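Work through the exercises below with the sequence and the model at hand. Each task is followed by a solution in steps.

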Amino acid sequence: MSYDTQVPPAAPHRVMRNGLGTAALILGIIGTLSGIVPLLFWLAGVLGLIALILGLVGKGRVKRGEANNKGVALTGALLGLAALILSVVGAVITFTAVSEAVDEIDKAIKETAPKDPAAKNLADGDTSVYDDDLKVTVSDPKAYKPSEFAAGHTEGNKAYQVTVVVENGGKKKFDATLVTLSGRAGTNGVTAEQIFDEKVGAGFQGTVLPGKKATLTVAFDVPKDAKNLTVEVNPGFDYNASQWELKLG
C-alpha cells in the first residue's frame, strides 16, 4: 500500500518596503545640518517637514509588517522634527538681524543726510547749520545812514544794516569769498538793493579756518513803507541758501 505525500508550497518571500524610512533619515540629516546655518532656515524647514512625514509613514509600514527598519524611520522623523525647530530658530535670528541692519542703515542715513536750512525761514539771531558744521547767523536789522556818495541807495527809501556771522565748525578751511547775499523787502518782495559805501558792501574776504569766525556788516535799501526784510545767504556752490525773515522797526 503506497501513500502519496504532498508538500505544501513555500510561502512567497515578502519584500520589505524600507524606502520611506531611509529617505526620511537622509532628508532629516540634511535638514538638521541646514538648520545650523540661520540663513538656510527655509531649506531646513522644507526638508524637515518632508522627513517628518516620510518617517511617520515609514513607521506605519513597520507596524503593518511592510517594513523592518523601525529605527531608521523613527530617527528620520525625529531629525525632521529637529530640522523644523532649527528652521524656526533660524528664521527668528535672520529676520531679527535683517531688522537691526535696516534700523542701523536708517539711522546712518538720518545722521549723514544733509541738513536743509532752506526748508524754513529763520528769524533774526537764528543760526543756520549745514551738514559740514558751517554756521551762518544773521542779526536783527538796524537803521543805517548811507554816506553822501553811497551806491545802491535811492532817495526817499530807508536803509537797514544787518550783521552776518560765518562760523566754521568743520575740519576744513572755508572759502568765505564764495558767500553771496541778497535781500527782498515789503509785501511784494521787491529787490532790496545792497548798499555800497566806505563802511559797507565789501563782502567777505579770504578763508575761515576751522573753529574761527568771520563777521560782515551788510546794508540794504528798502521802500520806506516796508515792514519786513528777507535776507538770503548762500555760503557757496555746494550749499543751499538760507533765508531770514526780519521785521523792520
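**Exercise 1: pairing around strand 4**

Thr-163 stands opposite Thr-217 in strand 10. The model is a predicted one, in which local features need pLDDT of at least 70 and side-chain atom pairs count only at pLDDT 80 or more, while totals for chains, interfaces and linings use all residues. Residues are numbered from 1 along each chain as its sequence is written, and side-chain values use heavy atoms, with hydrogens and water left out.

Task. State how many bridges join strand 4 to strand 10, and in which sense strand 2 and strand 3 pair with strand 4.

Solution.
1. Strands are DSSP runs of E with at least two residues, helices are runs of H or I with at least four residues, and both are numbered from the N terminus. Two strands pair if DSSP finds at least two bridges between them.
2. Strand 4 and strand 10 run antiparallel and are joined by 10 bridges.
3. Strand 2 pairs with strand 4 in the antiparallel sense over 5 bridges; here Leu-134 has Asn-168 as its bridge partner.
4. Strand 3 (residues 142–143) is also antiparallel to strand 4, with 2 bridges, and Lys-142 stands opposite Gln-161.

**Exercise 2: the open sheet**

Task. Give the strand order of the open sheet of 4 strands and find which strands stand at its edges.

Solution.
1. The order is 7-6-11-12, with antiparallel pairing.
2. Strand 7 (190–191) and strand 12 each have a single partner strand and stand at the edges, so one side of each has no neighbour in the sheet.
3. Strand 6 and strand 7 are joined by 2 bridges, and Ala-185 stands opposite Val-190.

**Exercise 3: the nonpolar cores**

Task. Identify the residues that touch the most other members of the largest nonpolar core, and the strand that gives the most to this core.

Solution.
1. A nonpolar core is a set of buried Ala, Val, Leu, Ile, Met, Phe, Trp, Tyr and Cys residues joined through side-chain atoms within 4.5 Å. Buried means under 20% relative accessible area, exposed over 50%, and partly exposed in between (1.4 Å probe, protein chains only).
2. The largest core has 30 residues, of which Val-164, Phe-174, Phe-204, Val-222, Leu-229 and Val-233 touch the most other members.
3. Elements giving two or more residues to this core include strand 2 (134–138), strand 4 (158–168) and strand 10 (213–222). Strand 10 gives the most, with 5 residues.
4. Another core, of 6 residues, lies apart from the largest one; Tyr-144, Ala-150, Ala-159 and Ala-219 are among its members.
5. Beyond neighbours within four places in sequence, Phe-204 is in contact (heavy atoms within 4.5 Å) with residues including Val-164, Val-166, Ala-176 and Leu-216.

**Exercise 4: the salt bridges**

Task. Locate the salt bridges and say which parts of the chain the pair Arg-17 and Glu-66 ties together.

Solution.
1. A salt bridge is a side-chain nitrogen of Lys or Arg within 4 Å of a carboxyl oxygen of Asp or Glu. The whole structure has 2 salt bridges.
2. Arg-17 pairs with Glu-66, the closest N and O atoms being 3.5 Å apart. Arg-17 lies in the segment before helix 1 and Glu-66 in the loop between helix 2 (41–63) and helix 3 (70–112), so the pair ties together parts 49 residues apart in sequence.
3. Glu-66 also forms a salt bridge with Arg-64, with closest N and O atoms 3.4 Å apart.
4. Glu-66 counts as buried at 18% relative accessibility, Arg-17 as partly exposed at 43%, and Arg-64 as exposed at 51%.
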